[in-house]
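Student: I'd like to go through the ligand site of this model with you. Can we take it one contact at a time?

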Amino acid sequence: MCEIQTKKQGYEHFMLKEIYEQPKAITDTIAGRVGANNELDLTGEIPKNMVKNLENIIFIGCGTAYHASLFGKHLLEEYTDIYVSVEFASEYPYKKVRTNERTLVIVISQSGETADTLSAMRAAAAKGGKILAITNVVGSTIAREADAVMYTHAGPEVAVASTKAYVCQLTCLCLLAAYIQEQNYGRFDQDMIKELKLIPEKINQTLAVYEGTLESYANRFRDAGDAFFLGRGLDYASAMEGQLKLKETTYIHGEALAGGELRHGPMALIEPDVLVVALATQPELVDKMVSVLKEAKTRGADILLLAMDKEKDYSEAADKVLLIPETHPLLAPMLTVVLMQTLAYYTAKVRGCDVDKPRNLVKSVTVE
Ligand code: M6R
């Protein structure tokens, strides 16, 4: 690992440094893969025949990589009619998931060394699946054993809580989903790719506007025992990543819920001052999220809402609203996650936690 890149460079913790490195990491991950006129150039890394005539696609990963997989599934379902599923790496070998020569298996791993992921990948390969790895570490075991590799260019990630590797995984998934769409249907969503190039600048804007707000908001979480993360559709995948970030860095019990499920049981847990982080960036779901949040608020929940549409009225749905810059709805997770990472970081700090090395955790889990 290059020494200069692993130093904190003035930041108090690696986690905050890595949060700030996200715009460059995304730019580096896009570089060479999208041309000046938004044309995709992935054929060198991913042979065309690997993504054509597919019966199904399976994502495999653990933790944050699993959450990136949920994002990937959503995109592929938007852009193709191929059946897509997501499996925990630790579960896949023990399930009868349909896998054959017409299955594309997308294995996501920052380290490329996670034992569960490696075992699942080998099990899928043994059934004939074509293995495409998305990893950050050149020459890692997963990279070496896969049929094809798409590297994230996040640079070394030191903090145990993954931040920049995650947004780079999302970046690769945007490119890959567009590529699979193009190879199968002869066209792809150019608007999304155009917007993807603007995400680095929008992350900078988001941090500039809200870092201070989140630093003070973290005080509300200082003595918390639980927090709920709510989202619908793509926002639910982001909510899962948000709760993991908070849980692993602050030891606060976090639970992610699909917003529509709140009334089917969990609403019983909503009482005065229960902390809720809610996401409502997906245009077709905003009104429904607002409706359920209003109900949670009348029951006393303390709600932080991350939204995108500035024309909507959120006054009865949240105590505090943070608006992300406008972008393609499928890319909103790349902005909301930065807010949730920053909230987790400052909460861990205010609670006196070991931010970069949370208790009981290691960066790469090499045992099953
Ligand atoms: O290196 P990997 O991406 O395979 O690691 C998978 C998980 O162990 C990892 O994402 C873990 O959940 C992180 N600590 C999350 O921040």
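Student: Which residue has a side-chain N or O atom 2.7 Å from an oxygen atom of the ligand?
Tutor: Keep in mind that this is a predicted model. Polar contacts are cut off at 3.5 Å, and the 2.7 Å pair falls under that heading. On the protein side, the atom belongs to the side chain of Ser109.

Student: How far is the backbone of Val160 from a nitrogen atom of the ligand?
Tutor: Here the backbone does the work, as it also does at Ser162, where a polar backbone atom is 2.8 Å from a ligand oxygen. For Val160, a backbone N or O atom is the partner, and the distance to the ligand nitrogen is 3.1 Å.

Student: How much of the ligand does the protein bury?
Tutor: Start with the ligand taken alone, which exposes 410 Å². Of that area, the protein buries 90%.

Student: Which elements give two or more residues to the shell around the ligand?
Tutor: The ligand takes up the space of the largest pocket. By class, its shell has five nonpolar, seven polar and two charged residues. The elements that pass the two-residue mark are α4 (63–79) and α10 (234–250).

Student: Why does the ligand lie between two domains?
Tutor: Look at who supplies the shell. The ligand lies between them because residues come from both domain 1 (3–196) and domain 2 (206–350).

Methods:
Residues are numbered from 1 along each chain as its sequence is written. This is a predicted model: local features need pLDDT of at least 70, side-chain atom pairs count only at pLDDT 80 or more; totals for chains, interfaces and linings use all residues. Side-chain values use heavy atoms; hydrogens and water are left out. A polar contact is a pair of N or O atoms within 3.5 Å; within protein, one must be able to donate a hydrogen and the other to accept it, and residues adjacent in sequence count only if both atoms are side-chain atoms. Accessible areas come from the Shrake-Rupley method with a 1.4 Å probe; for residues, only the protein chains shown count as cover. On a 1 Å grid over the protein atoms alone, a cavity is a set of points where a 1.4 Å probe fits but cannot get out, and a pocket is an open set with protein on both sides within 12 Å along at least five of seven lines; lining residues have an atom within 4 Å of a point. A molecule sits in a cavity or pocket if more than half of its atoms lie within 2 Å of its grid points. Helices (H or I, at least four residues) and strands (E, at least two) are DSSP runs, numbered from the N terminus. Ala, Val, Leu, Ile, Met, Phe, Trp, Tyr, Cys and Pro count as nonpolar, Asp, Glu, Lys and Arg as charged, and the others, Gly among them, as polar. Domain bounds come from an automatic or database domain assignment.
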